[in-house]
Amino acid sequence: MLTKRIIACLDMDGGRVVKGVQFVNLRDAGDPAECAAAHARDGADEIVLLDITATSDKRKTMLGVVARTARCLFVPFTVGGGIRDLADAAAVFEAGADKIAINSAAVKDPALIGQIAARFGSQAVVVAIDARRVSNGSIKNGFEVFVAGGRTPTRRDALEWAREAAACGAGEILLTSMDRDGTKAGFDCELTQLVADAVSIPVIASGGAGSPQHFIDVFRDGRADAALAASIFHFGLENIGQLKRELQGAHVPVRWPC
Amino acid sequence: MTGPKTIAPLPAAPKIAIVDYGAGNLKSVKKAFDYLGANVVVTSEPDVVVRADKIVLPGVGHFSALGALDNTGLREAVLRGARSGKPFLGICLGMQWLFEGSDEAPELAGAGVFAGRCRAFPSSVKSPHVGWNSLTVRKGSRLLRDIAPESFVYFTHSFQAPMVSATAAETDYGTKFSAVVEQGNIFGVQFHPEKSWNVGLRMLKNFCDLDS
C-alpha cells in the first residue's frame, strides 16, 4: 500500500539549519549534512533542504552544502531556495539533489517549471507555494500566494496557482501555510484539502506540525500525500519512529519499520 | 610440485557501466554504487558499454526519452551486452524499456525481452504514483536476496509494467504491477533502489555481487 510520507525539512541560513516562527526569529539547529543523515536514520521518508535566505539575499543556492548533504543520503533529497533559471536547477542536480523546489522564480515565470521538467522529468520539479489566509474577499478562494520567503504578497490565488503549476509540469506541490508555520498549532487542513482535491499530483502539507495528531488530521481531513515538518524533529520533541508508530496506531499507512 | 604459496593479486572489480542517454539525472545512481565500493562508470559511449562487465540502464521522465538509445548506437550495445549474458539492471524507465513498449510513447519500441506494454494507472488512483510502497516478493530472486517480503521502496512513475512470468516482486497501486522483473541475467526495477534506503542499497549490492 502506498504510504503517507513524513518529510524532514531543513531550513538553512548561512550554511546552518535554522528554524523560525512564522518565517522570522531564526534559531540555530545544526549542520545540514548531519541533520539530514540523522533524520534518515530515524525514519524520515524524504529530506528537503531549503536555503531560505538565498532569494532575499539575491545569491545562488549553497552548492557545497548540497553536495555534502547528498553524498551519503539514500532517500529522496529535495533542494530549494535561490533557483531562478534552468542553469541554477542544473547546478543543484549536479550537486546531488533528486528534486528541486522552486517558488518565487516559478511565480515570476511559470514556463520555468516546464523547462526544468523537460530536461530532468516532472518527478524532479516541486513547486513550493507559501500561502496566507486573506479575509477581505480580494482573493477568490481565500488564500494568497507570497514569494521571497513569505516577504512579498502576489495577489494570486493559491488554489489557482497550484492548478497552473501542475498543468505546467510540476511533479509535486509543497504547500506551506504561513499562518501556521512554526506555531505548532497544527497543519492548515482546509488549505491542504482545497489544493489536494484540485490537482492530481501529490501535495505535501507544511507549516504548523506540533503533535502526532496534527499529522493524522492532515492525512485524513487535509488529504495530504505527505507532511513536512522541521522544528518538532530537530529540537527532539518527537522522534520520527515514534511519530510513525502513532500514525500506524491510527491506521495511517506509513513506512515502518524501515 | 609444491612451492611457496603465492598470494594471487585480487581480480579487478568488475566494471559496471551506467548508460547515459541524456534522460535526467544519473548522479544518485552513481553515488549509490560508489558508496558500495563498486567500480562504476557513467558513459554514453557504446564501446564502453560493450566492454563493461555489467550494464545499468537508468532513466526518469517520459518513455520517449528512450528514443535517444536508438539514435546513438547505445540500443545495440546494451542489447548485445544483455544477450551475451552480462548482468543487466534497468531502473524505472530502464525497466519499462524491457517490455514491448509503453502507451506513453506508442511509436517507440522497447527491447521486447518481456511481453506486454506499460500502461497508465487506472483512474481510481492519483497519478503519478509517488512515494514509498511495499513489495510482495516472490521467492528465489537473486536481486532480492535477503530482502524482507514486505519491504518498502521509493517509486515515482506514471506508467506501470504488466505482471509477467518473470515478475519477481509486485506492488499494488490501483492495480497490481511488476515492481521487479528477473529472468536469467536480466533484472529490472520500477522503483529507485538508489533512493530506497537500506532496502535499495541491499539490492544494488546483490547486483554488484552477481557473477559476470
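pLDDT is the predictor's confidence in each residue, on a scale from 0 to 100. The structure here is a predicted model, and for chain B the mean pLDDT comes out at 93, with 93% of the residues reaching 70 or more. For the complex as a whole, the predictor reports an ipTM of 0.93 and a pTM of 0.93. As a general caution, predicted coordinates should not be read in detail where pLDDT is low.

Chain B comes first. Its secondary structure adds up to 6 helices and 13 strands. Laid along the principal axes, the C-alpha atoms of chain B fill a box of roughly 70 × 40 × 30 Å. A compact globule of 212 residues would have a radius of gyration near 17 Å, and chain B, at 17 Å, agrees with that. Of the 212 residues in chain B, 53% are buried. Contacts in chain B also reach along the sequence: taking those between residues at least 6 apart, 66% join residues at least 24 apart.

Two of the sheets in chain B can be walked through strand by strand. One is an open sheet of 8 strands, in the order 2-1-3-4-13-12-11-8, with mixed pairing. Its edges are strand 2 (39–43) and strand 8 of chain B, each of which pairs on one side only. Inside this order, strand 3 (residues 54–57) and strand 4 (residues 88–91) of chain B run parallel and are joined by 3 bridges. Across that pair, Ile55(B) sits opposite Phe88(B) in strand 4 of chain B.

The other is an open sheet of 3 strands in chain B, ordered 5-6-10, and here too the pairing is mixed. Strand 5 (101–102) and strand 10 (159–160) of chain B are at the edges with a single partner strand each, so one side of each has no neighbour in the sheet. Strand 6 (residues 117–120) of chain B runs antiparallel to strand 10 of chain B, and 2 bridges hold the pair together. Ala120(B) is the residue facing Phe159(B) in strand 10 of chain B. In general, strands of a sheet pair through backbone hydrogen bonds, either parallel or antiparallel.

A loop residue of chain B is also worth a look. Gly140(B) lies in the loop that runs between strand 8 (136–137) and strand 9 of chain B. Is Gly140(B) buried or exposed? Gly140(B) has 9 C-beta neighbours inside 10 Å, and because 12 or fewer is the cut-off, Gly140(B) counts as exposed. From C-alpha to C-alpha, Gly140(B) is 28 Å from Ser28(B), and the two are 112 residues apart in sequence.

Next comes the place where the two chains meet. The contact draws 28 residues from chain B and 27 residues from chain A. On the side of chain B that touches chain A, the elements giving two or more residues are helix 1 (27–35), strand 7 (129–134), strand 9 (152–157) and helix 6 (197–209) of chain B. Strand 7 of chain B supplies the largest share of that side, 6 residues. By type, the residues of chain B on this side split into 11 nonpolar, 11 polar and 6 charged.

In chain A, two helices show how burial can follow one face. Helix 1 (residues 32–42) of chain A has Pro32(A), Ala33(A), Cys35(A), Ala36(A), His39(A) and Ala40(A) buried. Looking down the axis of helix 1 of chain A, these buried residues fall within an arc of 165°, so they line one face of the helix. Right behind helix 1 of chain A comes Gly43(A), with a positive phi near 115°. In helix 6 (residues 158–168) of chain A, the buried residues are Ala158(A), Leu159(A), Trp161(A), Ala162(A), Ala165(A) and Ala166(A). These cover an arc of only 160° around the axis, which puts them on the same side of helix 6 of chain A. Gly169(A), just after helix 6 of chain A, takes a positive phi of about 115°.

Chain A also has a parallel strand pair: strand 10 (residues 172–177) and strand 11 of chain A are joined over 4 bridges. Thr176(A) stands across from Ser206(A) in strand 11 of chain A. From strand 11 (residues 203–206) of chain A, Val203(A) and Ala205(A) point one way while Ile204(A) and Ser206(A) point the other way, and all are buried. Thr183(A) belongs to the loop between strand 10 and helix 7 (189–198) of chain A. With 15 other C-beta atoms within 10 Å, Thr183(A) is partly exposed. Thr183(A) and Gly207(A) are 24 residues apart in sequence, with 7.8 Å between their C-alpha atoms.

Methods:
Residues numbered from 1 in each chain as written. Chains lettered and ligands numbered in written order. Predicted model: local features only at pLDDT ≥ 70, side-chain atom pairs only at ≥ 80, totals over all residues. Pairing = 2+ DSSP bridges. Rg over C-alpha atoms; globule rule 2.2 N^0.38 Å. Buried ≥ 20, exposed ≤ 12 C-beta atoms within 10 Å, placed from the backbone. Contact = placed C-beta atoms within 7 Å. Nonpolar A, V, L, I, M, F, W, Y, C, P; charged D, E, K, R; others polar. Arc of directions from axis to C-beta.
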